[in-house]
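Hi,

Here is the structure I promised to pass on to you. Have a look at it first, and then read on for my notes.

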Amino acid sequence: MIRTPRWRREEPLDHAELARLLPAPGDPELSSDRLNGLEEHLMTEIRNLTSDTASDTSPGASTGAPPIGAHAGDRAPGRPIASAVVRSWSALPPPWSWPPPGSPESR
Amino acid sequence: MRVTGTLQGGRTSQGVSYSMHARIRAGDPDAFRELFRDHAQLVFRHAVRTAGDLSAAEDVVSLTFLEAWRLRGKLRDEGESPRPWLMGIAVNVLRNTGRAARRHERALARVPLRDVLPDFADELVGRIADSGELTAAKRALGKLRRAEREVFALCMWSGLGYAEAAEALDVPVGIVRSRLSRARARLRKLTDSELRRRGDGTEPGGSGGQVQGGRTAAARSNEERTR
């Protein structure tokens, strides 16, 4: 086994040298459109998950329709989230409570 | 704005950041939107550079934030930013993308499809250039062991400090430094070998016997004409 000499193990790490030892990885970036699409997808999924939690804990609440285009295992064509879906959500009381009751930040 | 609870120290900047940590733990959707806007590009770049695949990297972004939602209760009140915690989740997703994808299969199926073709030619050229760079970087990164690769990518390419990388990987800071040091040693050795191989001309050639330059040059006299 080739051992790294002790003087090299204690050598300070030079980031410039480290960066040169590998090819530059480029600077890939998500377009703003794509970023927005992924953001809205995430927020929709969070709303779905909190809705599931609310329906589990509240026997009287309706379970709500499954999200648009939901096909397990398929890459269903994405459609813009209807603003009506967002508005209907805002009418429901949030299952989470923020700030927590009694906290200094209670609005 | 201060959050009461098990905080250490009383610095104002820590108070503001712990509020964000607490909001994430509490499942505040606005906090998650903020988390996404602040860090999605970082996660994407890290995923692309590590995996070398633009399309897979987008899935990693979605899976990372879905996992962050699932694991939000585990975010501790440490550090000024949830970035190390989030990057730790990204690293775990990259280690086993299949498992994360199965866990969030339905959500992943609902991700809006990307445009297959870019709208503009320069974007296409940019994608091709990125693809070449990424392939080369990924191939080179592949020469390191996984532990060294992760530390290298986090510290050198994604800009995390040693303490942040340690938090992301859940290892002591000294381990981060030693892994980087080993990565450096391995890369130096590979670079030295490559330079020696090119320098002494012992590079293995193609099939023997073929004269370079084509039939015309081969047919001419061997008399030296230029010096």
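**A buried histidine, and what else turned up**

His21(B) is buried, with a relative accessible area of 0%. Please keep in mind as you read that this is a predicted model. His21(B) belongs to helix α1 of chain B, which covers residues 12–26. Which residues does His21(B) touch, leaving aside its neighbours within four places in sequence? The partners are Leu75(B), Arg76(B), Asp77(B), Glu78(B), Gly79(B), Glu80(B), Ser81(B) and Pro82(B).

A second residue worth a look is Leu63(B), which sits in helix α3 (residues 54–70) of chain B. Leu63(B) also has a relative accessible area of 0% and counts as buried. Not counting residues up to four places away in sequence, Leu63(B) makes contact with Val93(B), Thr97(B), Ala100(B), Ala101(B), His104(B) and Leu108(B). Take Ala100(B), one of these partners: 37 residues separate Leu63(B) from Ala100(B) in sequence, while their C-alpha atoms are 6.6 Å apart in space.

Now for chain B as a whole. Its secondary structure consists of 11 helices and zero strands, so to speak a plain run of α-α-α-α-α-α-α-α-α-α-α along the sequence. Of the 227 residues in chain B, 41% are buried. Among contacts in chain B with a separation of 6 or more, 63% link residues 24 or more positions apart. The accessible surface of chain B is about 12800 Å², and carbon and sulfur atoms contribute 48% of that.

Two helix pairs are next, and α9(B) takes part in both.

The first pair is α4(B), residues 83–95, with α9(B), residues 162–169. Their axes lie 7 Å apart and the packing angle is about 50°. That angle falls outside the ranges for roughly parallel, perpendicular and antiparallel, and the two helices are therefore oblique to each other. The crossing of α4(B) and α9(B) is right-handed. On the α4(B) side, the contact involves Arg83(B), Pro84(B), Trp85(B), Met87(B), Gly88(B), Val91(B) and Arg95(B), and on the α9(B) side Glu164(B), Glu167(B), Ala168(B) and Leu169(B). By class, the residues of this contact are six nonpolar, one polar and four charged.

The second pair is α8(B), residues 146–157, with α9(B). Here the angle is about 135° and the axes are 10 Å apart. α8(B) and α9(B) are therefore oblique to each other, and α8(B) passes α9(B) in a right-handed crossing. From α8(B), the contact uses Glu150(B), Val151(B), Leu154(B) and Cys155(B); from α9(B), it uses Tyr162(B), Ala165(B), Ala168(B) and Leu169(B). Seven of the residues in the contact of α8(B) with α9(B) are nonpolar, none is polar and one is charged. If you would like a place to start in the viewer, try Ala168(B) and Leu169(B), which appear in the contact with α4(B) and again in the contact with α8(B).

Finally, a point about chain A. Is Glu17(A) buried or exposed? Glu17(A) has a relative accessible area of 14%, and a residue under 20% counts as buried, so Glu17(A) is buried. Glu17(A) lies in helix α2 (residues 15–21) of chain A. Apart from neighbours within four places in sequence, Glu17(A) touches Arg184(B) and Arg188(B), both from chain B.

Happy browsing, and best wishes

Technical notes:
Residues are numbered from 1 along each chain as its sequence is written. Chains are lettered from A and ligands numbered from 1 in the order in which they are written. This is a predicted model: local features need pLDDT of at least 70, side-chain atom pairs count only at pLDDT 80 or more; totals for chains, interfaces and linings use all residues. Side-chain values use heavy atoms; hydrogens and water are left out. Axes are lines fitted to C-alpha atoms, for helices over the stretch in contact, and angles run from 0 to 180 degrees between N-to-C directions. Helices (H or I, at least four residues) and strands (E, at least two) are DSSP runs, numbered from the N terminus. Angles under 35 degrees count as roughly parallel, over 145 as roughly antiparallel, 65 to 115 as roughly perpendicular and the rest as oblique. A crossing is left-handed if the near helix is turned anticlockwise from the far one by less than a right angle, and right-handed if clockwise. Contact means heavy atoms within 4.5 Å. Ala, Val, Leu, Ile, Met, Phe, Trp, Tyr, Cys and Pro count as nonpolar, Asp, Glu, Lys and Arg as charged, and the others, Gly among them, as polar. Buried means under 20% relative accessible area, exposed over 50%, partly exposed in between (1.4 Å probe, protein chains only). Accessible areas come from the Shrake-Rupley method with a 1.4 Å probe; for residues, only the protein chains shown count as cover.
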